[in-house]
Amino acid sequence: MTQPTQLPAWRALEKHRQEMAGVHMRDLFAADHQRFERFSLTFNDLLFDFSKNRITEKTLSLLEQLAEECKLSAKIEAMFRGARINVTENRAVLHIALRNRSNRPILLDGDDVMPDVNRVLGMMRRFTEAVRSGRWKGCTGRSITDVVNIGIGGSDLGSRMVVKALSPYVDPSLRVHFISNVDEADLVQTLFGLDPETTLFCIASKTFTTLETMANAKSAREWLLHQVRDPGAVAKHFVAISTNSEKVADFGIDTANMFEFWDWVGGRYSIWAAIGLPIALAVGMDRFEAMLEGAHRIDEHFRTAPFHRNIPVIMGLLGIWYDNFFAADAYAILPYDQYLEHLPDYLQQGDMESNGKTVDLEGHPVNYSTGPIIFGQPGTNGQHAFYQLMHQGSALIPCDFIAAAQSHHNLGEHHELLISNFIAQTEALMLGKTFEEAKSELEKEGVTGERLQELAAAKTFRGNRPSNSILYRKLTPETLGSLIALYEHKIFVQGAIWNINSFDQMGVELGKQLAKKILNDLGGEDLAHSHDSSTNALINRYKALRI
């Protein structure tokens, strides 16, 4: 495929970017009182307001033209029909099958994957109902009170994020915990105060060889056996989310309690599969399937809606506009909901691990950005941390604001105070404050002379900072599923435009390979000398300091 930078639409967008250089959003709003109606979309009770962007109808038309020239429709269809679009690993990309609530056949090499998907969902339902009802007993006959998920990356972040997000729906009698970092402090602090006789571990590793996960799993097994001193207890207190039955059995887990997922499910897209077992344990299988339903509805919207009415397509194209034509190399995810505190971390992995690439699908180097740095924090905390840079810094940082109209609680004016900040920040970023406005305010306060000039300059905001607002009725399992799927498909759209493989993560592998070699060096008595001088020195200094 021709690189996107050589396409007519890309070149037209470069020219249009110059036309937009002096355009301010406050003038666009002043000139068009229907701007919100023109630049917002709804899906069920979810509102996507993208009117506070540095765009016109022409901008959107050119971006849609770019999508067409990049054959986005064909690429969407290829994913949904099970084509092997993960070309480096020769795999299909079918996380959409995991939440295919229509149950229509989805074929991979001529075989329908849905029977296997449904089989594992049924297995998850039987197991979670047994644990949540108390029928599943530990080795001493006591019911499970605590579930500990041990995984890392896609086997941790998604489930951790969703369990926190759905906290109001969690059964308080069954506490769910997460261990991911190989730093022993993570494991020690998580297990402190837990009772081995009532603790169940979910070990999430496709190959059952992931270094960090298996180190933590082995230490957790030792913790259990130190208390109960019966190797047979492992089968009552450990289950596996894996495909490697041999290693699962070697660990001591009954393979009847091994929950399968498939190589056509990328780690960061796997919460919809058995990797989501901790979610189902926390909130119940009915609510887990409601989350699948919410995602499925977005899948259908993404697959069938025309580009100009397609929320994830518009999200992706706006990201292209800022990343590639404004050189905006950061993007903020700002949920005004404490329950969504892990969402920025989750989307950081989803976006940066997917599209952080330097070669295209044909293996040619790219000469354009393939993604910004994703960061964020719940509002209103972020307002007192990094918003200053967003408002008055020299960098352009587009952002998404996310909020629910209804809280899960009813505590005075808290929620309206939260939402007033959610709305105010988008308005402030868009409008800014001119020098003349700041000066007028200060004059009314009695400030004069040089002090007036200094303070007015300090209080000036350029504005014209773009943002999207996502507002929905309430954070339910279904709404959360829809929200996650929106961002998954946004990431797909951008990878399709950039002509890259969004579904491998080769950059993760190199560090793992080198870590194994360095681990051997750390265990030996001789000084390290097979690396560069800095790496050798770090290894040798560490060995000297640990004595």
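D109 is exposed, with a relative accessible area of 57%. That residue is a handy way into this predicted model, since its backbone is a little unusual too: phi of D109 is near 55 degrees, a positive value in a residue other than glycine. D109 sits in the loop that runs between β3 (107-108) and β4 (111-112).

K71 tells a similar story. Its loop joins α4 (57-69) to α5 (72-80), its phi is near 60 degrees, and at 55% relative accessibility K71 counts as exposed. Then there's N44, which takes a positive phi near 55 degrees in the hairpin of β1 and β2, where two residues lie between the strands. For background, most residues other than glycine have a negative phi, and most peptide bonds are trans.

Here are the three positive-phi residues together:

| Residue | Phi | Where |
|---|---|---|
| K71 | near 60 degrees | loop between α4 (57-69) and α5 (72-80) |
| N44 | near 55 degrees | hairpin of β1 and β2 |
| D109 | near 55 degrees | loop between β3 (107-108) and β4 (111-112) |

While we're on that hairpin: β1 (residues 40-43) and β2 (residues 46-49) run antiparallel and pair over four bridges. T42 has L47 in β2 as its bridge partner.

The backbone has a cis peptide bond as well, going from G379 to T380, with omega near 15 degrees. T380 belongs to the loop between β11 (373-376) and α17 (387-392).

Zooming out, the protein chain has 23 helices and 13 strands. Its radius of gyration is 26 Å, close to the 24 Å that the globule rule gives for 547 residues, so the chain is as compact as a globular protein of that length. Along the principal axes, the C-alpha atoms fill a box of roughly 80 × 60 × 60 Å. Of the 547 residues, 52% count as buried. As for contacts between residues at least 6 apart in sequence, 74% join residues at least 24 apart.

Now for the inside. In soluble globular proteins, nonpolar side chains tend to be buried together. Here the largest nonpolar core holds 127 residues, and M124, W264 and L480 touch the most other members. Helix α21 (residues 477-498) gives the most to this core, with 12 residues. M124's contacts, leaving out residues up to four places away in sequence, include F259, A273, L277, M285 and F288. A second, separate core of 22 residues has I203, L224, V228 and A240 among its members.

What about the aromatics? A search of the whole structure finds 23 aromatic pairs. Take F201 and W223: their ring centres are 5.9 Å apart and their planes are at 85 degrees, so the pair is edge-to-face. F201 lies in strand β7 (residues 199-204) and W223 in helix α10 (residues 211-228), so the pair ties together parts that are 22 residues apart in sequence. F201 is buried, at 0% relative accessible area, while W223 is partly exposed at 22%.

Elsewhere, ring pairs link W10, W321, Y322, F325, F326 and Y368 into a cluster. F326 has a charged neighbour too: R17 lies over the face of that ring, at 3.9 Å from its centre. Another arginine, R221, lies over the face of F251, at 4.2 Å from the ring centre.

Conventions:
Residues numbered from 1 in each chain as written. Predicted model: local features only at pLDDT ≥ 70, side-chain atom pairs only at ≥ 80, totals over all residues. Heavy atoms only, no water. Phe/Tyr/Trp six-rings, centres within 6.5 Å; stacked < 30°, edge-to-face > 60°. Buried < 20%, exposed > 50% of the residue type's maximum accessible area, 1.4 Å probe, protein only. Lys NZ or Arg CZ within 6 Å of the ring centre and 35° of its normal. Core = buried A, V, L, I, M, F, W, Y, C linked by side-chain atoms within 4.5 Å. Contact = heavy atoms within 4.5 Å. Pairing = 2+ DSSP bridges. Rg over C-alpha atoms; globule rule 2.2 N^0.38 Å.
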